[in-house]
Structure formats: C-alpha cells, structure tokens
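User: Could you walk me through the aromatic contacts in this model and tell me how each label is earned?

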Amino acid sequence: MNEKKTKLRPGIIMLIVMLSLTTNANLSGQDYLSPSAMIADNQAGKLYIAQSTAKQVAVFEISTSTVIKTYSLRAEPSGLALSTDKSLLYVTCAAPKGKVKVVNLKTGKIIRSLAVGHTPTAPVLSSNGKTLYVCNRFDNNVSVINLASRKQVAQIPVQREPVAAALTPDGRFLFVNNLLSAGAANKGNIAAVVSVIDTTANKVITTIELPNGTTALQGICISPDGRYAYASHILARYTVPTTQLERGWINTNALSIIDVERKRLFDTVLLDDVDNGAANPWAVGCTNDGKKVCVTHAGTDEISVIDVTALHEKIRKYHADEKNNQSSSAGRSNYGSYGTSSIPISNIPNELSFLYDIRKRIKLHGKGPRALAIIGSNVYVAEYFTDSLTLVDINKTADIKTTALPLGPTPQLTQIRRGEMLFHDASLCFQHWHSCSSCHPGGARVDALNWDLLNDGLGNPKNTKSLLLAHRTPPAMITGIRENAEMAVRSGIRHILFAVRPEEEIVSIDEYLKSLKPIPSPYLVKGKLSASAKRGRKIYSKARCDSCHEGALHTDMKLHNVGTGDGLDKDRKFDTPSLVEAWRTAPYLYDGRAATIEEVIAIYNSDNKHGQTSNLSVKEIADLANFVLSQ
Ligand code: HEC
Ligand code: HEC
C-alpha cells in the first residue's frame, strides 16, 4: 500500500462505488457459476437455475437454449421453489443467518427477505401455496413459514443435516432427508433416516429407517400418484475391512423406495453394476407420468433412468420368492443382512445386477451433476463443475440423445477448484465405486461412520475425520501414523481409491483441502459465545482441556493416551484432534462411541485421564460442551 494517503472527493467515491457495483458480478472473484439447484416452469418453458458461487439465479429459456436473464442475490443460492401462479421465486440463501429471498419474476426485484435458520436449503411450497417449508441444514430443523404474514410459525426438529424434502401430492406429509446418521458409530444400525412431518400438526410423526450403512442421503422425490418416495444415498459397507473394492466392498450407491402410505422402507436397490460403480447419487426426480425415476450420479457424471413399473414388479417378485424360500436367507453371505426390527429383511440391497435391463445409465457432457429438472421426456441436468447443462431426451428406447448446453464460458479451473472437482470425482477410482467425498461429504467433512482402513492394522475401525485444517495440524490420521495430511491424501488415493494419479492432480486436492474454511457454529449467538459457552470457556481451562487442545485450533498436534483405547487399540496414544467445527463432526472419539460431547466428558472419562472432569456438575458439563460446540 502507498504510504501517502490520497484524499478522494465525494463525487469520485460515488463513481468508484458505482463502477464496482456494476462490475461486481465479474470481479468478485467468483469466476464460476456452480449450478446447484434447478426448478422448471413447464408452461413458460423456463428453467430457474441457482448458481451458488456466482450468487445468482439464471433464467434459462428452453426454446432458445439460452440464459435470458440473471438475478443477483449477493448470497449463495442453495434451493428454489416457485409460487403457485409462477410469479414469485423463493430462493434459499445459504449462510449462518440464512434467508429466503423472494424474487418478483416480472420486475426482477427482490421483494422480501425472510429470516430462517443456519444454511437453509430445499424450499418446498405447500399445495395451497400459503406455506413454505425450508430445511435449515445446520440447525437440524425445518422452518415453516406463513407466506401471508411472512412469519415463521414453527421450527420442527429433525435428525441431522436436513438437505432435501418432498411433499406428498395431498400436502399432508413432508418427507425430509437427513444427510447423515446420528448417534454413536460403533454399535447397532448406523444409518441416515427420512423424517416424516405431519403438516397439520407441524411435527415429525415418524422416522423411516433405511438399511445399515445408509449415508449421504441426498435427494428425494415422491411419485405423482403419491404412493412411493424415492431417496438417493450411499450404502456404505463399513462393517467389513477396506481390503477390497471390487463388487462394492467399500461403498455402494443406492436408491431407497419408501412406501408413503405405510411410511416405511419398501426396499433398497443398488445403482451400481457388478464391475462399474455409479457413484455419489444426488438429485432424484420422477417424470410427470410417473413412469421413470431419474437419479444423477455426481461422482461419475451420469444419470440413471429407471423404468418404474418394471422396478416395482421385480421387487414384488423378489419378495414373493424370498418368502417362499425363507431358508435361503440363512445362507446369505454378502455384506450381512439388511433387515432391522422395523424394516423387512431383504437381500436386494446386495444385488449388484438388480437393475439390469430396467435402468439406463447415460453419460453426461459435464462434470458434477447435482440438480435435475424434468419437462415431459426432457431431463435437464445441471453440472456443478463445468457450469453447464446436459439435456437428455429419455423418450427413446435405444440410443438416448444428449445435448450439451453451456450456461456460460467454459470455466478456467484454478488449482483449488480443480482439486475440489477431483475430490468429488469417482472416475479417479478403480471401477468408479466412490470418490473421496463419499466418505468425506459436505465439503470434505465426515460421513459419521467407522471404517477399518488398513493403515493401523485390521479389526480396529476408526471414525472418519473431517479434513478441515488437516494440512495445518500434522501428524495425520487418528493414530498419527502419517507424518502429515499430504501423505494421508496420497495413501487415500492409492489404498482407498485403488488408483495411481499424476502428482499435479494430487497437489490440487491438497490445495483444495487447504482452502477449506470453518463454518461459524450454530451454537453461537449473534456470532458470539452464549452465556453458557462463556462459562464453559472457564471450565475448559480449569479442567486443563487446553493443555492438549491448545491454541486457536485446539490441538497440540501430539499423541496422548487419554484412556479411551479399547480392544486392539488398548493403551494406544491418539493424535489430539482439533475441536474446530466439533459441532458438525459427531460422533466423537476414535471409534465414534460418543454420540455427544457430554458423553466424551461424562461417560468416557471416568478416571480423569482425559481432563479433570469427575468433579464437574451436570450444568458445568453442559456449559463445557457448549463451549466446545461453539468452536
Ligand atoms: C472409505 C471411506 C473413505 C474414503 C473413500 C476416503 N477416506 Fe479419508 N479418511 C477416512 C477415515 C475413516 C479417516 C480417519 C481414519 C484414521 O484417522 O485412522 C480418514 C482420514 C483422512 C485424512 C487424515 C485427516 C487428518 O486430519 O488426520 C485425510 C487427509 C484423508 N482422509 C483424505 C482423503 C482423500 C484425499 C480421499 C480420496 C482420495 C479420502 N480421504 C477418501 C475414510 C475415507
Ligand atoms: C492429555 C491431552 C488431552 C487433554 C487434557 C484433553 N484432551 Fe480431548 N482429546 C485428546 C486426545 C488424544 C483425543 C482423541 C481421543 C480418542 O480419539 O479416543 C481427544 C478427543 C477429544 C474429543 C473428541 C473429538 C473428536 O472429534 O472425536 C473431544 C470433544 C475432546 N477431546 C474434548 C476435551 C475436553 C472438553 C477436555 C477437557 C475436559 C479435553 N478434551 C482434554 C487429548 C486431550
């Protein structure tokens, strides 16, 4: 900077401000559009496309295949809904103090900005058009907004990171996908669930259990006849060591079919083929005639188009055969049984060729398909990393036609952006079963599962670590077995993706991970510690937590035995984990045995080896936990 201060006259300042406003869209460092959500106005022949990093919504005209308008939001759009008369667009904007911006599509003006929760997404309009439901991802709840009074009339707690929702056609029930499982990771059924909200009572009336290993529960849609919901997710085979990748022995990719009337799982089918994974299933949509279900694969840049009638027929027949042949179920060896007390035992989730002949896998032109919109037999898929759409005409039985439709200039990828793309790219992986983001979803964070990776021996599973700050806090891995995160990244590629990649690609993954920024905790009040967390801060020093969780990152980067080791890890030292973003990395401890911070302190530290805590009252423990959860 120049030492000498230049005084600017007010007129010049005005001019500079105006210039910077008009060029803001191009100069704000946002060279990418990053389409992440999409909704169609069938009658008007338009698509509205949320472009998250460009902080705008684009209007795409179908007849000319061009973007005819953009609405700037100055906030990251994450989801879209249209008013019943299609004159208003509701846009959720992802931020700690989340907003729904209401755009008048005639004037192009933002006419309202409604306050909702932390990182809102997936807005859904009620059938009478009077109520808007919004998933507040990091508050773990759903806002119910009365659009006439513009007031939030209810906040309905769901389970963990709600990211998608669908309303039954009669408007009675809202099905909400929770991205991750809640609870400890070392016992029982570990699976993300679908929360069902009764829209008259405004509360969750049931949660639908999905098979053990369900994670990254991403997209959901309900068939036009209202009978079935279809939810996309990963089906992690976390109960077996990660020695083998073929035939889906680590991550498989699935679609769960839910019986809407009975509010329980009908069955789960795998989207993969025997030797070719269809990784990271994301958006789901039904055609208007209900005959096809489409699923985008964000990791392999494809869509699956499934014949619904054939699918249901095949499942029914399989169930009938299974019933007639009960004894065969005893001989199942694959990945374990997928039944629980509340869901039927079925072997379909182990059948890698179940969709053979009733599903088409179609390669898209761009990379990172995370949203889709269907008009008749035209499926539009929005591709996050290439700022593009692929139009797929699914009418044809053979030779399905695809057309590439760019939304802007071909993006020039920086090293960081390229790393982000590769991190989410399952084509790096042998047979395409998974990407790094399969186990580290939500921007390189956690899947809440334990995995028996091979770096520290067999038979001692470890809870997935968030990669935020991994490069700044060597050593890496829970046991500190890798000198640093760079080495952990390289061994991840070799031993988890079973791949060899050029060094420049791997360096860009490092750069992407280094660029990650912590998200402000939902436990903060107006960006500051709550009164309880402030009390907790004192206890944190008094209990000597900061002797190991020291400094701004809350880690001394050293190994300690804090008395948690068990089984093969008995008496083992572990690397002090950073507690930054601890609010989103549950469950806790190396084997994910603690569902909450309170459990870490009150249940699993009986001998004060992990801080001086035995003398703390219940209230002090709650305060201490609040402080940790505020980081
Ligand atoms: C099958 C699930 C799975 C996949 C896929 C996966 N990881 Fe991990 N990753 C884990 C688990 C579990 C841990 C923690 C295990 C431990 O610390 O012993 C981990 C830890 C790490 C760490 C260490 C973090 C730290 O701070 O110590 C890095 C770095 C990492 N992974 C990078 C990657 C990259 C890069 C990819 C893709 C090439 C990847 N992972 C794919 C499960 C996975
Ligand atoms: C002697 C060093 C040391 C002290 C003192 C200490 N910790 Fe830890 N902390 C660790 C280590 C090592 C781990 C990893 C243990 C494991 O994975 O089983 C850990 C794990 C944790 C975790 C789980 C984090 C995760 O992501 O799984 C939390 C939460 C935590 N500590 C909070 C605290 C609090 C609160 C205190 C004070 C009461 C405290 N620690 C005192 C070293 C320490």
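Analyst: Sure, here is how the labels follow from the values. This is a predicted model, where local features need pLDDT of at least 70 and side-chain atom pairs count only at pLDDT 80 or more, while totals for chains, interfaces and linings use all residues. Residues are numbered from 1 along each chain as its sequence is written, chains are lettered from A and ligands numbered from 1 in the order in which they are written, and side-chain values use heavy atoms, with hydrogens and water left out.

User: What makes Phe138 and Trp583 an edge-to-face pair?

Analyst: Rings of Phe, Tyr and Trp (its six-membered ring) pair if their centres lie within 6.5 Å; planes under 30 degrees apart are stacked, over 60 edge-to-face, the rest tilted. Here the centres are 5.2 Å apart and the planes at 80°, so the pair is edge-to-face. Phe138 and Trp583 are 445 residues apart in the chain.

User: Why is Phe138 called buried?

Analyst: Buried means under 20% relative accessible area, exposed over 50%, partly exposed in between (1.4 Å probe, protein chains only). Phe138 has 7%, so it counts as buried. Trp583, at 11%, is buried too.

User: Why is the pair of Phe423 and Tyr512 tilted?

Analyst: Their centres are 5.6 Å apart and their planes at 55°, so the pair is tilted. Both residues are buried.

User: How do you know that the charged end of Lys263 sits over the ring of Phe173?

Analyst: The rule asks for NZ of Lys or CZ of Arg within 6 Å of the ring centre and within 35 degrees of the ring normal. Lys263 meets it, at 3.9 Å from the centre of the Phe173 ring.

Technical notes: Helix = DSSP H or I, 4+ residues; strand = E, 2+ residues; numbered from the N terminus.
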